[in-house]
Amino acid sequence: MSSKRDYYEVLGVAKDSSQNEIKSQYRKLALKFHPDRNKSNDAVEHFKEISEAYAILSDPEKRNVYDKYGHSGVDGRYSTEDIFKGAGSNFDDILNDLFGKAGGGFESIFENLRGGGFGFGKQQHRGRDLLYETSITLEDVLHGKQMEISLNKNVKCDVCNGSGCYPGTYKITCSTCDGNGQVRNTRNMGFSTFVTVEPCRSCKGNGSRIDKPCKNCKGNGTKKGIKQVKFRIPPGVDNGDYTIPEEGEFVPNGVNGDLILRIMIKHHKYFKRDGSNIFYDKKINMFDAALGAKTVVPTLHGEEKIHIEQGSQPNTIIKLKNKGLPQNYGYGDQYVRLVIEIPKKLNGYQKEIIKNLKENIYKK
């Protein structure tokens with residue numbers, strides 16, 4: 001279970017709040033917790049938390065996923081990049097207005113939430129994302145599914161433990177940038193001071209250099225290998241892409257890429273799905289429809305007894321509560337549609353019986 005607080009609780013808004021109300025509340029909290037204004041020890045963490053909450057709740061699509069599946073749906077489907085993708089203008093409108101462009105705006109928040117922190121630091125590299133496609137059944141959607149797959153990817157070199165250095169040697173701090181990975185240049189022009197920051201050219205932003213590289217990986221810190229990745233597909237998933245954080249390609253001195261899990265739900269022999277609800281067609285004969293009957297229908301949870309009312313018409317729907325798929329709270333329902341079968345071939349005797357029955361029932 002996720003240890004994160006509820007996003008609505010984080011921002012202090014109700015679940016039915018409008019986008020304008022959510023934006024207004026984030027504006028107030030950003031003014032309170034932005035590290036440029038608040039120097040308390042926990043200000044940065046508070047600012048990260050409210051910014052992530054706002055990134056989700058300010059996006060209608062992501063907010064809908066969160067409302068349905070909670071943190072498990074969001075964390076399973078979106079990486080940090082995905083969470084903030086397309087949200088830049090939402091943040092810039094607020095932060096540039098509050099702090100001016102010097103406050104860093106959206107790009108500053110994004111780098112902070114990826115682990116860069118506020119202010120200047122080493123350039124952080126990120127490994128390549130990997131895509132893995134899999135098909136699952138509706139039964140898997142109901143119960144969830146434990147999986148283990150083999151990925152052929154760049155992994156950490158086991159000789160140098162990813163350092164790129166020959167065993168027994170170490171990286172040397174770059175003298176140009178003093179290990180910061182960036183060089184800050186200041187120019188005074190009249191009454192104005194201009195500051196530019198760029199990656200250090202001597203160490204290519206790494207903050208260090210390798211004099212004696214590892215022979216196994218040639219100083220790269222990585223090699224091609226196979227890694228077994230275990231994960232659980234949670235109940236209630238739908239077709240789409242889900243993120244398994246940091247199970248992509250390894251990169252030295254940086255953050256691993258993500259594994260993008262593309263899920264496709266297989267066609268079921270009996271059931272059709274609509275969100276968390278299940279639909280099933282039950283064929284019955286015209287006599288059971290007319291007289292009423294008791295019968296059994298399949299569900300994903302097992303067989304279920306149903307009662308067919310006397311005089312049931314074609315396409316009558318019978319609702320089986322909580323016999324659908326998992327949703328944010330409880331389960332969806334199963335809807336059973338009655339499909340009444342009419343005999344196509346009758347002998348003379350049968351025709352006569354039905355004719356007499358018709359005349360008896362519909363006599364004027």
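## A buried aspartate in a loop

Strands, numbered from the N terminus, are DSSP runs of type E with at least two residues. In this predicted model, Asp 258 sits in the loop that runs between strand S10 (254-255) and strand S11 (259-265). With a relative accessible area of 6%, Asp 258 counts as buried, because the cut-off for that class is under 20%.

Which partners does the side chain of Asp 258 reach? One is the side chain of Arg 126, which is joined to the side chain of Asp 258 by a polar contact of 2.7 Å. Another is a backbone atom, since the side chain of Asp 258 also reaches the backbone nitrogen of Glu 246, at 2.8 Å.

## Aromatic pairs

A pair of aromatic rings is described by the distance of the centres and the angle of the planes. Six aromatic pairs are found when the whole structure is searched. One of them is formed by Tyr 7 and Tyr 66, whose ring centres are 4.7 Å apart and whose planes make an angle of 45 degrees, an arrangement classed as tilted. Tyr 7 belongs to helix H1 (residues 7-11) and Tyr 66 to helix H4 (residues 60-77), so this pair ties together parts that are 59 residues apart in sequence.

Tyr 7 is buried, at 2% relative accessibility, and Tyr 66 is likewise buried, with a relative accessible area of 4%. Tyr 8 enters the picture as well, as ring pairs link Tyr 7, Tyr 8 and Tyr 66 into a cluster.

## The hairpin of S14 and S15

Strand S14 (residues 293-297) pairs with strand S15 (residues 304-308) in the antiparallel sense, and the pairing extends over five bridges. Within this pairing, Val 297 has Glu 304, in S15, as its bridge partner.

How many residues lie between S14 and S15 in the hairpin that they form? There are six residues between the two strands, and in the turn Gly 302 has a positive phi of about 125 degrees.

## A nonpolar patch on the surface

Leu 357, Ile 361 and Tyr 362 make a nonpolar surface patch of about 360 Å². Of these residues, Leu 357 is found in helix H10, which covers residues 348-361. Is Leu 357 buried, partly exposed or exposed? Its relative accessible area is 42%, and Leu 357 is therefore classed as partly exposed, because buried means under 20% and exposed means over 50%.

Methods: Residues numbered from 1 in each chain as written. Predicted model: local features only at pLDDT ≥ 70, side-chain atom pairs only at ≥ 80, totals over all residues. Heavy atoms only, no water. Patch = residues over 30% accessible without salt bridge, like charges linked within 9 Å, V, L, I, M, F, W, Y side chains within 5 Å. Areas by Shrake-Rupley, 256 points an atom, 1.4 Å probe, with all protein chains shown as cover. Salt bridge = Lys/Arg side-chain N within 4 Å of Asp/Glu carboxyl O. Helix = DSSP H or I, 4+ residues; strand = E, 2+ residues; numbered from the N terminus. Buried < 20%, exposed > 50% of the residue type's maximum accessible area, 1.4 Å probe, protein only. Pairing = 2+ DSSP bridges. Polar contact = N/O pair within 3.5 Å; in protein donor to acceptor, adjacent residues only side chain to side chain. Phe/Tyr/Trp six-rings, centres within 6.5 Å; stacked < 30°, edge-to-face > 60°.
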